[in-house]
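Here's a quick briefing on how the strands pair up in this one. Have the model open alongside as you read.

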Amino acid sequence: MNRHQQKQQRLVNLITLLLRSRRPLTAAELRAKLTDDAYSEDKSEEAFRRTFERDKKDLLAIGIPLTVTKWDFGNPAIDHYGIEDSVYAERDISFTAEELAALHLATRQVRLPGVEEPFLKTGIPSEDEIEKVVPDSGQAGLGTVGELPFDRTVSKLAAAAAKGKCVEFHYQRPDQKSSYVRTVEPWRMSFDKGHWYLVGWDRVRSAERLFRVDRIKIRVDRIQESIREIDRATHPVGKGPDLRSMKPWHYGPTKSVEVKILVDATLASWASHNSGVEGTPQPDGSVILTLSVNNPDALRGFVISMFDHVEILEPSELRDDMIAWLKALV
Amino acid sequence: MATKPTTRSSHRDLTAAERTARLLGLLPWVAARGGASIDEIESRFDYPRKILLADLTALIDENELLDGHNVFSVVSIDWMLGDDYVQVRCPKWMLAPMRLNSDEAARLLTVGRAVLSLNTDTDTDPDPDTDFGTGPGEDTEIFTLTRALIKLQLMLDDAKRGLNTRHKYTERVEKGEFDANTDISIEVNLGNAKKTTLNELRRAVDEHKQLTIEYYSYGRDVISARTVDPVLVYSHSGRWYLSAWCHTAADMRNFRVDRILDHRVSGDVTDIRTIDNPTPIALTGDDLTEDDLVVTLILNHEGRWAAEHYPILERRELDDGRLEIKMVVKELTWLARVLVQLGPQAEIVSNDSAIEDLRATAAARILERYR
């Protein structure tokens, strides 16, 4: 047996031993019970500990819900290891063959890092099973159509939303010089315009808020979840803003101002689509867009992006601000 | 009949953890079915044949492994090297597959929601409640996927859920009472392009139709008409792209779908091309070339948004609290736009007078509009 097989054997035996044991076991007890060279008494305590730590990490990576309890029958308290009873899905939610097929087909259409591993637990559906759900699925039309970024922060926050647990994390916007602790009742995770957002209720500010996940300045395992569940009767999950319709000039502390811009015919449809506003067509093909603006700086950025194909018509204050901005650069 | 299996992992060695994960998956799966062929196990669990045979052999050869405990007290494998068929007996509690943890459930939920978003046919802002296709009579694939996503949502909680909970949620789906907005913790928007445009581009790809498009090259601020052979419609980092052979450039190009101002079918594609493995580099063209320019800017506090908004090569915090960034510039017009947007928030670090004049020239051009 080569060392890979030996390690694999040791992992399987560790799992078997922990599942069958009536109580959690210490590292010393596991070492005594397992017949494996890496755990033998010939090895130093330090060497055994290093191997045991690597084995624990591998068990967690496989998806084994390893538990650690500190028991202090003696002094000091010693770690005891076990595996949660719920490691197998018996009497729990499990997928039908059709559902697995639909999920697997989805993983072919949209790429995400690490999304194939769950099928090692359930078995990858066969082409026949997939055909039953989607006839002709083997043809070109159902190849990969997109990819998304993803990391454990997203799954941790989504799980907190599912469990109804409040979360606390450090957050820093680009305009802030340091991060601040935010306490949030998470509603959902939303991927829009290339970024992941946490949508939820900011407890301190008593308002719904969006948080960009890449601005969360804390390790994912340090994101604190509250012990008590959120009472959904008094704190229901809200709808939150519809990110698809939100534009950069919607995000801001100032009161909403109605702004009219005139866009040339060449970019009228592009501007209309990107602003989310149909606008009023003009005889020459240009269009007047009326926008609700909470963030004049962001609106300025959008207008400048269209160079001289657009101008701010009103209010006069914003038109004058734009003129002053440009004159300062000439 | 299943096609001959090809494992994704067959080109590399698996780690012990990866092999253990596969073994733990296949044992109850084979047991639940009464047996399975080596071919099927190889395909189902992405288990390279050579490694699978070695691991099964090792499992059977080792009888006494633990003090009073061995694998055979839990699992019994009926197989010999050379056999094509494996039979396994497991205790009842092991017959179900291992539970998905919340990270695994979240990843599958994400791709599922992304695929569902592809199936919205309307061009208006999608209503999340009707976006989900929850009712009976809906497309079978969508309905099946919806049921699977609801189960994944329950798994996100990582708690044990009984049969009653599962039935309750399935009933709500079948009655069309499911509210995706409050009942699902993940939503995905693959890009901000008009759905009618996306559908027409996909149809052109499928039917091998040549298109004439009116395209706004944002970087150069130029609108041009091009004849293209569409190859793939693809979403990357929240934007939709059309990969196509451009007859004007005589090369493959990636067009942002939201910058295609107009399009019409203009013929049939005669030279059909495919892209088997779209990659970020192929789509975004982030690789540096000789013609590219690297520009250094120093941003004050108000200008830091640019370091998040634009792709940058390097960033360095300066002692005075400002931020120095280096950016790749493929089009000077694009840079001019960025410099005017930043205005006094950015200092240009450059010995090139052409770069220095860019901002002033662009600002003057826009200012003419206000005279």
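In this predicted model, Leu232(B) of E6(B) sits across from Ser243(B) in E7(B). That pair belongs to an antiparallel match between E6(B) and strand E7 (residues 239-246) of chain B, with eight bridges. Let's follow E6(B) through its other neighbours, then hop over to a second sheet.

**Around E6(B)**
- Strand E6 (residues 222-236) of chain B has eleven of its 15 residues buried, so the rest of the structure largely encloses it.
- Strand E5 (residues 209-217) of chain B also runs antiparallel to E6(B), with seven bridges; here Glu214(B) faces Ala225(B).
- There's a cross-chain pairing too: strand E4 (residues 146-147) of chain A lines up parallel with E6(B) over two bridges, and Glu147(A) has His236(B) as its bridge partner.

**The turns**
- Two residues separate E6(B) from E7(B) in their hairpin, and Ser237(B) in that turn has a positive phi of about 50 degrees.
- The E5(B)/E6(B) hairpin has four residues between the strands, with Asp221(B) at a positive phi near 55 degrees.

**The E1-E3-E2 sheet of chain B**
- Three strands make an open, antiparallel sheet in the order E1-E3-E2.
- Strands E1 (36-37) and E2 (76-78) of chain B are the edges, each with a single partner strand, so one side of each has no neighbour in the sheet.
- E1(B) pairs with strand E3 (residues 85-89) of chain B over two bridges, where Ala36(B) is matched with Val86(B).
- Helix H1 (residues 16-33) of chain B lies across E1, E2 and E3 of chain B, at about 95 degrees to E3(B).

Note on methods
Residues are numbered from 1 along each chain as its sequence is written. Chains are lettered from A and ligands numbered from 1 in the order in which they are written. This is a predicted model: local features need pLDDT of at least 70, side-chain atom pairs count only at pLDDT 80 or more; totals for chains, interfaces and linings use all residues. Side-chain values use heavy atoms; hydrogens and water are left out. Buried means under 20% relative accessible area, exposed over 50%, partly exposed in between (1.4 Å probe, protein chains only). Two strands pair if DSSP finds at least two bridges between them. Contact means heavy atoms within 4.5 Å. Axes are lines fitted to C-alpha atoms, for helices over the stretch in contact, and angles run from 0 to 180 degrees between N-to-C directions.
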